[in-house]
Amino acid sequence: MTPLARLLILSQFAFNIGFFAVLPYLAAHLAGTLGLSGAVVGLVLGLRTFSQQGLFVVGGMLTDRYGPRPVVLVGCALRVAGFCWLAEAAGAGTVIGAVVLVGFAAALFSPAVESEITREALRIEEAGGHRRTRTLARFSAGGQAGALLGPVVGTALLTWGGSEAFRLACLTGAGVFALVLAAHARLMPHTRTAAGGGGAGPAAAGRLVLGNRRFLRLAGAYAVYLLAYNQLYLALPAELDRSTGSQRALGWLFALSAALVVAGSGPLERLAATRLDHTGMARAGLLLIASSFATAALLRPAGGVWAALAFTLLLTVGQMLILPATRAMLPELVGHRHLGLFTGALSSLSGLAVLTASAPTGALLDHTGPLPWLLLGTLPLLALGLVPSTDERRGTIRRLPDGGGTGA
C-alpha cells in the first residue's frame, strides 16, 4: 500500500464514522426534539439524498477540472460547516439549509476520493504490485468499518448527552471531518488531472456520458445491484416484521453485514483474483445477489430469521465482489481524462434509477409469499447481460512528474 492509498482508505473510514454518528438519528431529532411534521421530515431526508447522490456528477466534473485535492478540501470544510449549522438549527428552514450543505459536501468529497483511489490502485498494479481490485476492496472495507463504528459512536453520544445529545453528536461529527480536512491538507499531494485542468462543461459532460454505451450498460448493472442492496432497508425489515413481529434482529444483521465486509473483503478478493477477471467478478457478484433473494424465498417457511440471515450473508458477499470490480472496470470503459465525471455519473445515474424503482418495489412487497423475493431475484440475473467485457490491459496509466495520471 502506498501512502496515498492509505490516506484515502483511512479518510473514507473517518468520513463514514462522522456521517453515521449523526445521520441515522436525524429523523428522530427532527420529529421528536424539533416537533417537525412527517411531511417536513420526509422532505429534509429526500433533499439530503438528492444533494448528495444526485450531485455526485458535479463533484466528479470539478475533480476532473481542478484535481482531487481542492475538491476534497472544500468538501471537508463544507461538512464541518454543515454539521456545526445542523447542531444549532432549530427550525425547518435552517435544518433544510444545513442538511443540503452536508449532502453537497459529500457530493464533492466522495467522487474525488473514489476516482483518486481508482487511479492509485492502477498505479500500484502497473508498478508490479497487487491487482487494482485488492486496493479497491480495502477501500470498501474501510468505508464499511466506519459505517459499523459510526452508529456506535452516535448511540454513545445520544445516551450520555442528555438534552444536548444530538448537538453533541453533530459537533463530534464536525470534529471528525476537521481531522480529515487537516490530514488531507498536510498529506494529499498536488496532482495534475488527466484533463489537464480543463475538464468538460455540463453540455459536453452530458454528451460524453450518454454517448458511452458500454458505461451506460455498467451503470444499469450497478443500479440493479444498488436496488438489491437497498432491500436491506426495505424488504428485510418488512420480512422480519411479518415473520417475528418485530425488527429486533435488524441491527444485528446490519452489524454482521458490515463486519463481514471489513473482515472478508481482502481474502475474498484474493480468491476471486486467481480465477476471475473484472467482468467475471461483477457477474459473480450479481449471481450471488440473485441467489440471496432465491434462498430467502425458499427459507421463508422455515423461519423469517433464517431467511433474513441467508439473504444478508449472500447479498453482502455479492456486494464484496461487485463493488471493487465495478470501480476497476471504469478506466477501461471511460479512460482517465474524465474518470471523475464518470465516477460521479455512475452514482448519480444509479441513484436516480433506484429512486424511480423504489415505489414499485415497495408496492410489490405488499404482497405476501415468496413471489416478491423471486421477482426481485430475477433482476440481477437479467443484469448479467449488461455487464460489459473489458480489456484490462487498457486500464494502465502513465505517471506524470507531479504524480497525476493520464490514459496510456
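This passage describes helices, salt bridges, cysteines and selected residues in a predicted model.

Helix H14, which runs over residues 304–334, is considered first. Its 31 residues should span 45 Å at 1.5 Å a residue, and the end C-alpha atoms of H14 lie 43 Å apart, a distance that agrees with the expected value. Of these 31 residues, 25 are buried, so H14 is largely enclosed by the rest of the structure. Just beyond the end of H14, Gly335 adopts a positive phi of about 75 degrees. Within H14 is found Thr326, which counts as buried at a relative accessibility of 2%. The side chain of Thr326 reaches the backbone oxygen of Ile322, at a distance of 2.7 Å, and, when residues up to four places away in sequence are not counted, Thr326 touches Leu218, Tyr222 and Leu346.

Helix H15 comprises 26 residues, 339–364, for which a span of 38 Å is expected at 1.5 Å a residue; the C-alpha atoms at its ends are 37 Å apart, in agreement with that expectation. The helix nevertheless carries a kink of about 40 degrees, located at Ser358, shortly before the proline Pro360.

A bend is also present in helix H12, which covers residues 250–273. The 24 residues of H12 reach 32 Å from the first C-alpha to the last, close to the 34 Å expected at 1.5 Å a residue. The bend in H12 is about 55 degrees and lies at Gly264, with a proline, Pro267, following within four residues. Gly264 is itself one of the buried residues of H12, which also include Leu250, Leu253, Val261, Leu268 and Ala272. The cover over the buried residues of H12 includes H7 and H14, together with helix H11 (235–244) and helix H13 (278–299).

Charged side chains were examined next. In general, side chains of opposite charge can pair when their charged atoms come close. The model contains 7 salt bridges. One of them is formed by Arg132 and Glu332, whose side chains meet with an N to O distance of 2.4 Å. This pair links distant parts of the chain, since Arg132 belongs to helix H7 (residues 132–160) and Glu332 to helix H14, 200 residues apart. Both Arg132 and Glu332 are buried.

A further salt bridge joins Glu88 to Arg167, with the closest N and O atoms 2.8 Å apart. Because Glu88 lies in helix H5 (residues 68–88) and Arg167 in helix H8 (residues 165–187), the pair ties together parts that are 79 residues apart in sequence. Glu88 is partly exposed, with a relative accessible area of 48%, and Arg167 likewise counts as partly exposed, at 34% relative accessibility.

A salt bridge within a single helix is formed by Arg123 and Glu120, which are 3 residues apart in helix H6 (residues 92–126) and are thus separated by about one helical turn. The closest N and O atoms of Arg123 and Glu120 are 2.7 Å apart. Arg123 is buried, with a relative accessible area of 3%, and Glu120 counts as buried at 6% relative accessibility. Through salt bridges that share partners, Glu116, Glu120 and Arg123 are joined into one network.

The cysteines were also considered. A disulfide is a covalent bond between the sulfur atoms of two cysteines. The structure holds 0 disulfides. For Cys76, the closest cysteine sulfur is that of Cys84, at 13 Å, which is too far for a bond. The sulfur of Cys84 is likewise the closest cysteine sulfur to that of Cys170, and here too the distance, 8.8 Å, is too far for a bond. Cys76 is buried, with a relative accessible area of 0%, and Cys170 counts as buried at 0% relative accessibility.

Finally, Leu375 is placed in helix H16, which covers residues 371–383. At a relative accessibility of 39%, Leu375 counts as partly exposed. Leu375 is separated from Val262 by 113 residues in sequence and, in space, by 30 Å from C-alpha to C-alpha.

Conventions: Residues numbered from 1 in each chain as written. Predicted model: local features only at pLDDT ≥ 70, side-chain atom pairs only at ≥ 80, totals over all residues. Heavy atoms only, no water. Helix = DSSP H or I, 4+ residues; strand = E, 2+ residues; numbered from the N terminus. Expected span 1.5 Å × (residues − 1). Bend = angle between axes of the 7 residues up to and from the residue. Salt bridge = Lys/Arg side-chain N within 4 Å of Asp/Glu carboxyl O. Buried < 20%, exposed > 50% of the residue type's maximum accessible area, 1.4 Å probe, protein only. Disulfide = S-S within 2.5 Å. Polar contact = N/O pair within 3.5 Å; in protein donor to acceptor, adjacent residues only side chain to side chain. Contact = heavy atoms within 4.5 Å.
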